[in-house]
Structures are given as structure tokens and as C-alpha cells.
Amino acid sequence: MNTKTMNEFFKKLPFIDNVLKGIGQIMLQENRWTGLLFLIGIFMGSWQGGVAVLLSTAAGTFTAMKLKYDSSEINAGLYGFSAALVGVALSFVFQATLLIWILIILGGALAAVIQHFFIQKKIPVFTLPFIMITWVCVLALHHFTQIPPSEVMAAPAGPADYDDFLTCTNAFGEVIFQGGILSGIIFFVAVFISSPIAALYGFAGAVLGSFISHLNGEPIEKIHMGFFGFNAVLSAIVFSGLKKTDGIWVFIAVAVTVVIDDFLVDHNTLNEVGGVLTFPFVAGTWITLLIQKLFKERKIDQES
């Protein structure tokens with residue numbers, strides 16, 4: 001089946017197309033093929049994670065459709081990515097019990113509602129709905145249930161024998177909670193086929209993020225595993241572009257993001273609620289957008 005035939009297939013099944021685009025939007029790519037490759041990479045790491053992503057993204061997309069949100073936003077996958085991350089996060093942290101599966105579906109639906117609220121207010125919150133829902137769920141489940149951690153969480157970390165290239169692709173993998181080398185490479189390729197410049201800037205962001213974290217004295221094995229690079233990947237992708245100044249903004253965004261990331265991790269600030277997740281990316285991007293806005297306003301004032 002060639003690409004043209006597949007595109008026709010997705011046009012006949014718009015819900016599946018929207019779900020895949022929602023998964024692709026995890027790394028800001030409105031591309032069904034990117035989403036499909038992400039899904040394959042997740043299934044390679046864990047079938048529960050793959051099913052969780054499908055269920056939560058479908059729940060978010062279905063909720064947006066039933067509540068009659070803007071069809072162009074639904075078609076772009078904007079109500080799927082936070083939902084997708086809720087699903088993979090809960091399946092990654094906890095063993096898959098009935099309660100977890102219910103929360104995966106409800107969390108995906110709620111993520112779409114929260115995302116819509118911020119879209120209506122024209123506030124670029126990125127993955128904040130995912131962060132909010134996951135923090136609340138993890139805190140509540142730890143305090144009110146005895147659900148054990150997933151096998152992945154309970155397993156000891158493997159030896160850090162990765163080279164510098166794999167350190168960066170591992171950062172791509174950790175964006176969606178995947179520690180496998182192959183998953184990270186697939187994720188990089190998935191972004192590259194949608195936007196080569198975004199993939200390359202994301203890779204550069206992982207390099208810079210890892211370097212800054214190394215200077216800050218973070219554990220080298222965790223740097224190699226991509227733990228200190230995945231937020232930097234996302235921040236770099238947001239500001240990626242073909243203009244010369246885009247590189248400057250990528251540098252600023254990554255530097256701010258990594259400083260926030262390292263600070264929160266070093267002070268164990270968010271361990272009780274499941275860790276920092278993508279909060280450093282959101283906070284670092286907000287700060288960079290503010291700096292960018294102030295810079296543009298000052299430039300306009302100087303020209304007037």
C-alpha cells in the first residue's frame with residue numbers, strides 16, 4: 001500500500017487520523033505518520049503503554065468532538081497530545097489495574113477540556129493539562145491506594161554505555177517515557193520526516209541540555225539516558241525555524257529550560273507527584289516567549 005493509498009484511507013477514517021495527529025503533536029508535529037511512528041515506538045517499549053496512549057488520545061479526541069470544539073483544532077490533533085501523555089505516564093508509573101485504565105480514559109477526556117479552556121483564552125500552555133492531571137493522579141494514588149509501581153519503574157536502571165549520539169536520541173525517547181535506544185531513534189526519525197529543521201534543532205537542544213546538566217554536576221548515567229535532555233528537545237522544537245535569529249531563541253529556551261529542570265530535580269521538589277515531567281519545558285518556553293515579546297516591543301519603540 002503506497003503513501004497515496006494510505007492518505008486516502010485516513011481521509012475516510014478522520015477519527016483515526018485525528019488520533020494519530022494528536023500523538024504526533026506530543027512533539028508539536030501535525031503529522032499522522034509522525035504519530036504512527038511514535039505509537040510504534042511506544043508499543044516497542046510496552047504494549048500497555050501503547051494501548052494506554054491509544055485509549056487516552058481517543059478519549060480526548062472523542063470528547064472534543066462531542067463537545068463540538070473547533071473542527072480545525074480537532075483535525076490538527078490539538079486535543080490529543082496532552083491526553084496521550086496522560087495515558088503513557090499513568091501506564092508507566094503504575095501497574096495496569098482497572099482503576100488505572102479508568103483514570104487513563106477519564107484523564108484523556110479531562111485533558112481535552114482543560115486544553116480547550118486555554119485555547120479559548122489564547123494562552124499557549126503546551127503540555128500543562130497533562131502535567132496538572134498527572135500530578136493530581138499520582139499524588140492521589142500514592143496517598144489513597146496501594147497500587148504498586150509498574151515493572152519499568154521497579155526495575156533497576158541499566159548500565160550507562162551509550163555514546164553521545166544515543167544520549168541525544170534517548171532524550172527524544174524520554175519525551176514519551178521510552179528508555180529504549182531504538183524507540184528514541186524512531187522518535188527522532190518521526191520528527192525528521194515531518195520537519196527536518198525541528199528534528200535537528202531538537203537534537204541540538206539535547207546536546208546543549210546534556211552539556212549544561214553535565215556542567216551542573218548531574219549524574220552522568222542519567223544524562224546518557226536522556227533524563228536531562230527531553231525537556232530541552234521540546235523547547236528547541238518550539239523555537240525551531242529557518243531564520244538566523246531562531247537559533248538564538250532556541251539557545252535561550254534550552255538554557256532556561258535546563259536550569260529549571262536541574263534545579264527542580266536537585267531539590268527533589270516534585271518527587272511526590274511523579275517528578276518534573278515536562279514542566280521545565282513549559283516554564284522555560286513561557287519565559288523565553290516573554291523575553292521574545294519584550295525584545296520585540298523594545299525594538300518597535302526604538303524604531304518609532
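Biologist: Which residue, with a positive phi, follows α12?
Modeller: The model is predicted: local features need pLDDT of at least 70, side-chain atom pairs count only at pLDDT 80 or more, and totals for chains, interfaces and linings use all residues. Residues are numbered from 1 along each chain as its sequence is written, and side-chain values use heavy atoms, leaving out hydrogens and water. Helices (H or I, at least four residues) and strands (E, at least two) are DSSP runs, numbered from the N terminus. After α12, with a phi near 80°, comes Gly217.

Biologist: How far does helix α12 reach from its first C-alpha to its last?
Modeller: Helix α12 covers residues 196–215, which is 20 residues. The expected span is 1.5 Å times one less than the number of residues, giving 28 Å for α12. The reach in the model is close to that, at 29 Å.

Biologist: Which helices do the buried residues of α12 pack against?
Modeller: Buried means under 20% relative accessible area (exposed is over 50%, partly exposed in between; 1.4 Å probe, protein chains only). Among the buried residues of α12 are Tyr201, Leu208 and Ile212, along with Gly202, Gly205 and Gly209. With contact meaning heavy atoms within 4.5 Å, the partners are α10 (164–174), α11 (181–194), α13 (220–224), α14 (230–238) and α15 (244–266).

Biologist: Now to α2; how many of its 11 residues are buried?
Modeller: The buried ones include Val19, Leu20 and Ile23, and also the charged pair Asp17 and Lys21. That leaves α2 mostly covered, and the count of buried residues is eight.

Biologist: How far apart are the closest N and O atoms of Asp17 and Lys21?
Modeller: Both residues lie in helix α2 (residues 14–24), four residues apart, about one turn of the helix. An α-helix has 3.6 residues a turn, so residues three or four places apart point the same way. The two form a salt bridge (a side-chain nitrogen of Lys or Arg within 4 Å of a carboxyl oxygen of Asp or Glu), and their closest N and O atoms are apart by 3.5 Å.

Biologist: Which residue of helix α3 is in a salt bridge with Asp17?
Modeller: Asp17 is buried at 7% relative accessibility, and its partner is buried too, at 16%. The closest N and O atoms of this second pair are 2.4 Å apart. The partner lies in α3 (residues 32–45) and Asp17 in α2, so the pair ties together parts 15 residues apart in sequence; that partner is Arg32.

Biologist: At roughly what angle do the axes of α6 and α7 cross?
Modeller: Axes are lines fitted to C-alpha atoms, for helices over the stretch in contact, with angles from 0 to 180 degrees between N-to-C directions. The axes of α6 (residues 81–93) and α7 (residues 98–120) come within 8 Å. Angles under 35 degrees count as roughly parallel, over 145 as roughly antiparallel, 65 to 115 as roughly perpendicular and the rest as oblique. This pair is roughly antiparallel, crossing at roughly 155°.

Biologist: And what is the packing angle of α14 and α16?
Modeller: Leu234 and Val238 are among the α14 residues that meet α16, where Phe279 and Phe281 take part. The axes of α14 and α16 (residues 279–303) are 8 Å apart, and the angle is about 35°.

Biologist: Is Ser183 buried or exposed?
Modeller: Ser183 sits in helix α11. Leaving aside neighbours within four places in sequence, Ser183 is in contact with Gly41, Met44, Gly45 and Gln178. At 4% relative accessibility, Ser183 counts as buried.
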